[in-house]
Structures are given as C-alpha cells and as structure tokens.
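Open the model in your viewer and keep the selection box handy. We will go from stop to stop, picking residues and elements as we travel.

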Amino acid sequence: MSKKPDVVMIGLGYIGLPTAALIAQNKTCVHGVDINPKVVETINAGQIHIVEPELDIAVANAVKEGYLKADTVPVEANTYLIVVPTPFKAKNEPDISFVEAATKAILPLLKEGDLYIIESTSPIGTTEQMMHLIYSKRPELESKLNIAYCPERVLPGNVMYELVHNDRVIGGVDEKSTNKAVAFYSQFIKGALHKTNARTAEMCKLVENSSRDVQIAFANELSLICDKADINVWELIALANKHPRVNILQPGCGVGGHCIAVDPYFIVADYPMESKIIGKAREINNYKSFWCAEKVQTARLEFELKHGRKPSIALMGLAFKPNIDDLRESPAKYIAQKVLQNANNETYFIVEPNIETHKVFKLTCYSEAVKEADIIAFLVAHDEFKNLDLPKEKVILDFCGIVK
Ligand code: SAJ
C-alpha cells in the first residue's frame, strides 16, 4: 500500500476485521494488525479467515484498492482502535492482558492529537487504566491524546449491516476525547452516536448482555417450576406475554455464545457483593444445562425399567442457538458431552443439521435419528426440527419449545 494509513486496527477477528473493512470502504487507509501471521497473510491475499456474510467482498475490495493492509506490527497513524479479545483467567475474572499488550505496542507511535479507542468488551475502568499506562510511559503527551471507549453491539451473521446501522455508545475520558471519537465514527456509521463517559460506556456493554442473561434466567427458572407443577411453560409464557407490559423471553437448554454467557462475569468479578441478580442468573442458566442432561438420564432409566431394554436416544442440535453452525460455548454441546459420558451401551444419535462433520461427535441426519430413536431430546430449536412427525410411542424431551 503506497497510501499512508490513517487508522491502525489492532485485532482482526470477528469485530476488528469487519470494522477495518467498513472504514476502508470509506476510502480511509487502514493498517490492520494481528499477532497471527496466517491471518495477516490471508487478509493480504484479499481473503478472510472467519465466516461472516458479505465480509469476503468488502475485504477483497479494500485490499485490492489499497485501503486495507494487514501486518503483525503497528505503524504510525492518527487513530488507533483496540479490538482484541478479553478472555477469562481462573475464577471467571477478566483478563485484559491483550488490551494492555496492544496499548504497549502502539505507545512509541503516539503523538499529540491522536485518537485511541478501545472497542473490546472490558471491565469498568479499563480505559482509564490504559490512559494512566500511556501517560506514565509518555508523560509529555499528558492530556494531549484523545482516549475513548466504544463497544460494538453487532450480531454475528449480520455484522456488515449492524455495524453501519446500530446506534453506538461512545465515552471518552474527557469531553474533548468523546467529541473526537464521535467525529471519527460519524464518518462511517449511520446509527445514532450517543455521548457519555468511558466508565458508563464500558458498563453499558456489560449491562446490555447481562440484562438479556437475567431475562433468560427468569424464563429458565419458570421452566423448572413448570416442570414440577405440570404446566406447559411455553403456553404459560405466551399467555403472560399477552399482558401489554410483560415480555418474558424463552427458556432453552442454557445460555451460550461468547457474549451473553460471558459479559455478566465482568461485573460480578469486580462487584460480587452488589451483583446478586446478575450472578444468580449466570448460575441458573448454567444449572439449566445440567438439569437438561439429568432429564435425559432419567428418561433413559425410566425407559429401561418400563421396557426391559436399553433405549436409543437422539440429541437434536449442538449449536449455541438456532440456525447457526457455531458450537463454541454451546450448552447443547455440553449436554451431549455429559450424556455421552454416562452412556452405558445405549445407541446415541447426535444431530446437528448446520454442520457436516465433527471431530468428536459422529453426526446423524435428523430424519433418520427421529425415525430410529426411542427418546428424542430437542436441545436447539433449529428450523429443520419444526413440524416433524413424532409418533406417540416416542419419549419427547422438548427443552427448546419446538414441539407444538
Ligand atoms: N437464548 C435463550 N432464550 C431466549 C433468547 C436467547 O435461551 O429467549 C439463548 C440462545 O439460545 C443462546 C444465548 O441465549 O444460547 C445467546 O443468544 P443471543 O441470540 O441472545 O445472543 P448472541 O450471543 O448471539 O449475541 C449477543 C447480542 N446481545 C444482545 O442481544 C443483548 C448481540 O447484540 C451482541 O452484540 C453480542 O451478544 C455481543 O457481542 O455482545
């Protein structure tokens, strides 16, 4: 690339790469940085290493036109975006070492007036912590940089649309920083840009996903009560939701994915005494997966007692939510693993219509599994599982509300 980069994007993953492509589409030169040389090579060849609709074309064009270049090290620019993972250490404590490493990598490049933005989901206070780190190493820049936090809120599978159209919350360490960050995002985002401070913006991201987790926990708790009370929880929720101010979410086999099941811990780790509901919701949603696995075991034993033979069992779905092929942090996968750990010569059919093969599970086509199995446990509400013909003699365990 002959053009001088205006933006350095550190982290070229699920959010960093689409964001880099979007900025580049706007004819702003982006220097993308990733520690993985394979990722860098793939992107520089105009290709992508993740599955996301429309991203391939955006990256191919950006690279071809010279607006996006990937590298393993940063270069001098005017805006630096930190979009790296914030995983967990033991005991569900957030690990901000990648954010810290990315910040250290750009330290020598920073100059007066530059804009530094963190997008990674981060514990409250991380942006201020990085500001102190920067100014302790570069005291001559004290108060001369613009430092802000701006979380992403896109849904995987619809990233290229949502990146442009979703509202964003932008919080600087001071007003000047907030305004500068808003001016930056306004170049390529059509959604409204809401100004706040860095701590509120950090908390906002955590609260959005915690709110959903708490609401799902309420639905899951209802499903446990209804199971004991012999009430159909799906019917119950549909009826309660007829109230104009009630909107209960759906119970399932637990909560998965890399956001909703994770972000609440960022609050609980720092404020354990205060975040009682948030912490309890995590427990309930995790317990729900365990409960589902136990239900399968119980159904298996009951079948054996009643029929004097071992049943065949179909486990329907492995993905972390309906109609996707993503198995990471999936409660359905956890249930399948747990059930198989206790297998005792029964026949199991593991079904996941959105993937062809799996290195651990031998997959069976859903129609064959439904035909052959004595016990059918629906774990994920995939479209393929709707309106199946389920003979009366089969034992049905519906954990995701798919059986009408
Ligand atoms: N789930 C239920 N019952 C429901 C809704 C969902 O059990 O009524 C389960 C799903 O099956 C799944 C989990 O919750 O296991 C999470 O699924 P999801 O579709 O709610 O969320 P994600 O993880 O795909 O994406 C979320 C979104 N956040 C919110 O809706 C608040 C997305 O907007 C965020 O950008 C993303 O997390 C993120 O990166 O934080």
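Start by selecting Cys253, which is buried, with a relative accessible area of 5%. Keep in mind that you are looking at a predicted model. Cys253 sits in the loop between α9 (233–240) and α10 (263–270).

Now show what surrounds Cys253. Apart from neighbours within four places in sequence, the contacts of Cys253 are Lys288, Ser289, Cys292, Pro331, Ala332, Ile335, Leu379 and Phe399. For a distance to draw, take Tyr334: its C-alpha lies 9.8 Å from that of Cys253, with the two positions 81 residues apart in sequence.

**The cysteine question**

How far is the sulfur of Cys253 from the closest cysteine sulfur? The closest one belongs to Cys292, and the separation is 5.6 Å, too far for a bond. A disulfide is a covalent bond between the sulfur atoms of two cysteines. Searching the whole structure turns up zero disulfides. While you have cysteines selected, click on Cys29 as well: this residue counts as buried, at 7% relative accessibility.

**Helix α12**

Three of the contacts of Cys253, namely Pro331, Ala332 and Ile335, lead to the next selection, residues 331–341, which form helix α12. Colour its buried residues: Pro331, Ala332, Ile335, Ala336, Lys338 and Val339. Why do they fall on the same side of α12? They cover an arc of only 165° around the axis, and that puts them together on one side. An α-helix has 3.6 residues a turn, so residues three or four places apart point the same way.

Next, display α11 (276–307), β11 (312–316) and β12 (347–351), the elements that the buried residues of α12 pack against. Then zoom in on the start of α12, where a side-chain oxygen of Ser330 comes within 3.2 Å of the backbone nitrogen of Ala332.

**The four-stranded sheet**

β11 and β12 take us into an open sheet of four strands, ordered β12-β11-β13-β14, with parallel pairing. Its edge strands are β12 and β14 (395–398), each of which pairs on one side only. Look along the sheet and you will see a twist that averages 15° from one strand to the next. To follow one pairing in detail, show β11 with β12: five bridges join them in the parallel sense. Within that pair, Ser312 stands opposite Thr347 of β12.

**The eight-stranded sheet**

Move to the other sheet on this tour. Here eight strands form an open sheet in the order β3-β2-β1-β4-β7-β8-β9-β10, and the pairing is mixed. At the edges are β3 (68–71) and β10 (193–197), each pairing on one side only. The twist in this sheet averages 25° from one strand to the next.

Add helix α7 (residues 175–185), which packs on the sheet and touches β1 (7–10), β4 (79–82), β7 (115–118), β8, β9 and β10. The direction of α7 makes about 145° with that of β9. Then bring in helix α8 (residues 198–229), which lies across β8, β9 and β10 and runs at about 115° to β10.

Two strand pairs show the mixed pairing:

- β1 and β2 (residues 30–33) run parallel and are joined by four bridges; the bridge partner of Ile10 in β2 is Val33.
- β8 (residues 146–149) and β9 (residues 168–172) run antiparallel and are joined by two bridges; the bridge partner of Ala148 in β9 is Gly172.

Stay on β1 and show side chains. Val7 and Met9 point one way, Val8 and Ile10 point the other way, and all are buried.

**Leu22 in helix α1**

Now select Leu22, in helix α1 (residues 16–25). Is Leu22 buried or exposed? At 7% relative accessibility, Leu22 counts as buried. Leaving out neighbours within four places in sequence, Leu22 is in contact with Leu163, Val164 and Phe188. Met160 is another residue to label: 138 residues separate Leu22 from Met160 in sequence, yet their C-alpha atoms are 7.8 Å apart.

**Zooming out**

Finish with the full view. The protein has 13 helices and 14 strands, and its C-alpha trace spans about 80 × 45 × 40 Å along the principal axes. Of the 404 residues, 52% are buried. Among contacts between residues at least 6 apart in sequence, 69% join residues at least 24 apart.

Notes
Residues numbered from 1 in each chain as written. Predicted model: local features only at pLDDT ≥ 70, side-chain atom pairs only at ≥ 80, totals over all residues. Heavy atoms only, no water. Buried < 20%, exposed > 50% of the residue type's maximum accessible area, 1.4 Å probe, protein only. Arc of directions from axis to C-beta. Contact = heavy atoms within 4.5 Å. Polar contact = N/O pair within 3.5 Å; in protein donor to acceptor, adjacent residues only side chain to side chain. Disulfide = S-S within 2.5 Å. Pairing = 2+ DSSP bridges. Axes fitted to C-alpha atoms, helices over the stretch in contact; angles between N-to-C directions.
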